[in-house]
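Colleague: Could you choose one part of this model and take me through it closely, starting from a single residue and working outwards? I am still learning how to read structures, so please go step by step.

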Amino acid sequence: MPAASLGSTLIEPDWPVPSRVRGLVTTRAGGFSEPPYASFNLALHVGDAAARVRENRRRLLSAAGVDKVQWLDQEHGRRVLAASSLTGASGPFTADASWTAERDLGLAVLVADCVPLLLANVDASLVAVVHCGWRGTVAGVVEATLDALPESPSRLVAWLGPGVCGDCYEVGSDVRDALGADERKEILVQQRAACGHAPKWRMDLPALVTARLRRSGVERIVPSALCTICDSRFYSYRRDGPTGRFAALIWLAREEGQARV
């Protein structure tokens, strides 16, 4: 697939932010990777050929129209990077979130069931991206990101990208025990365990991220309502095992009203 036609495979958030704020989510389609990573895998750490991943990343930059993307070495933690053109040119940093006030610098996270969270303020002077797996969310990555931003949470708009939904995400007692008592009531639904097996719960990860945002003062929250397990357009580690990663990307366009992808 030529780079010019990649735009038809990309998903843009539908959320109330100024047109200078640009965002997109990739899908599995439009790249060079071969099974089990077919075809638009953007992760270097999953076993895919590095040359194919780099070509997929080059294609993404071309389609988005940005010169640099700040990639992260994600660790399911709460580190937040203040990204700039200097950090973007220096390779990946170990963090699970980044933010910037610079124009034309893409911020990316890689996911395959975790929830990608995009943030922008109402006057389009800064943007952020957060990798929200259950470990990082429980550890406070949402709160750490909001604390790092030079902006009031009440002036932020949040968009939750594709991630595993509450009907598909089965978890064990380790996850249940990591949640607070109120979150257990709101986020978990216990499932009937087979005889002799440990109890299981269904967890609504997007609802957990939403609850953390609301508790921190973010009022404008838009869910994508897309599930990575239900929707075969996306990579899903829980559904497929070894597989690729798709990306959520956000940036500030240099010109107001710049043509969308």
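Modeller: Let us begin with Arg79, which, in this predicted model, touches Thr94, Ala95, Asp96 and Ala97 once its neighbours within four places in sequence are left aside. Arg79 sits in the loop between strand 3 (72-73) and strand 4, and with a relative accessibility of 48% it counts as partly exposed, because that value falls between the 20% limit for buried and the 50% limit for exposed. The chain also brings Arg79 together with a residue that is 62 places away in sequence, namely Val141, and the distance between their C-alpha atoms is 7.0 Å.

Val141 takes us to helix 4, which covers residues 141-148 and which is mostly covered, six of its eight residues being buried. Those buried residues are Val141, Val142, Glu143, Ala144, Thr145 and Leu146, so you can see, by the under 20% limit, that a charged residue such as Glu143 is counted among them.

What lies around this helix? One part of the answer is a sheet, which is open, has six strands in the order 4-6-9-8-10-14, and shows mixed pairing. Strand 4 (80-82) and strand 14 (220-223) are its edge strands, and because each has a single partner strand, one side of each is left without a neighbour in the sheet. From one strand to the next the twist averages 15 degrees. Within this sheet, strand 6 (residues 97-100) and strand 9 (residues 127-132) run antiparallel and are joined by four bridges, and Thr100 has Val127 of strand 9 as its bridge partner. Helix 4 packs on the sheet, where it touches strand 4, strand 6, strand 8 (115-121), strand 9 and strand 10 (156-160), and its direction makes about 165 degrees with that of strand 9.

The other part of the answer is a second helix, helix 7 (residues 205-215), whose axis is 9 Å from that of helix 4, the two packing at an angle of about 35 degrees. Their crossing is right-handed. On the side of helix 4 the contact is made by Val142, Glu143 and Leu146, and on the side of helix 7 by Val209, Arg212, Leu213 and Arg215. If you sort these residues by class, four are nonpolar, three are charged and none is polar. It helps to recall a general point here: an α-helix has 3.6 residues a turn, so residues three or four places apart point the same way. Helix 7 also lies across the sheet, over strand 8, strand 9, strand 10 and strand 14, and runs at about 30 degrees to strand 8.

With these elements in view, we can look at the nonpolar interior that they help to build. The largest nonpolar core has 32 residues, and the members that touch the most other members are Leu117, Leu119, Val142, Met203, Leu205, Val209 and Leu213. At least two residues of this core come from each of strand 6, strand 8, strand 9, helix 4, strand 10, strand 13 (200-203) and helix 7, and helix 7 gives the most, with four. Apart from this core lies another, of 29 residues, including Trp15, Leu105, Val222 and Tyr235.

Leu119 is a useful residue on which to gather these threads. Leaving aside neighbours within four places in sequence, its contacts include Val127 and Val130, Thr145 and Leu146, Val157 and Ala158, and Leu213. Thr145 and Leu146 are buried residues of helix 4, while Leu213 belongs to the helix 7 side of the contact between the two helices. Trp15, which is also in contact with Leu119, is named in the other core.

Met203, which stood in the list for the largest core, leads a little further out, for Leu188 stands opposite Met203 in strand 13. Strand 12 and strand 13 run antiparallel and are joined by four bridges, within an open sheet of three strands whose order is 11-13-12 and whose pairing is antiparallel. Strand 11 (170-171) and strand 12 (188-191) stand at its edges with a single partner strand each, so one side of each is left without a neighbour in that sheet.

Key
Residues are numbered from 1 along each chain as its sequence is written. This is a predicted model: local features need pLDDT of at least 70, side-chain atom pairs count only at pLDDT 80 or more; totals for chains, interfaces and linings use all residues. Side-chain values use heavy atoms; hydrogens and water are left out. Axes are lines fitted to C-alpha atoms, for helices over the stretch in contact, and angles run from 0 to 180 degrees between N-to-C directions. A crossing is left-handed if the near helix is turned anticlockwise from the far one by less than a right angle, and right-handed if clockwise. Contact means heavy atoms within 4.5 Å. Two strands pair if DSSP finds at least two bridges between them. A nonpolar core is a set of buried Ala, Val, Leu, Ile, Met, Phe, Trp, Tyr and Cys residues joined through side-chain atoms within 4.5 Å. Buried means under 20% relative accessible area, exposed over 50%, partly exposed in between (1.4 Å probe, protein chains only).
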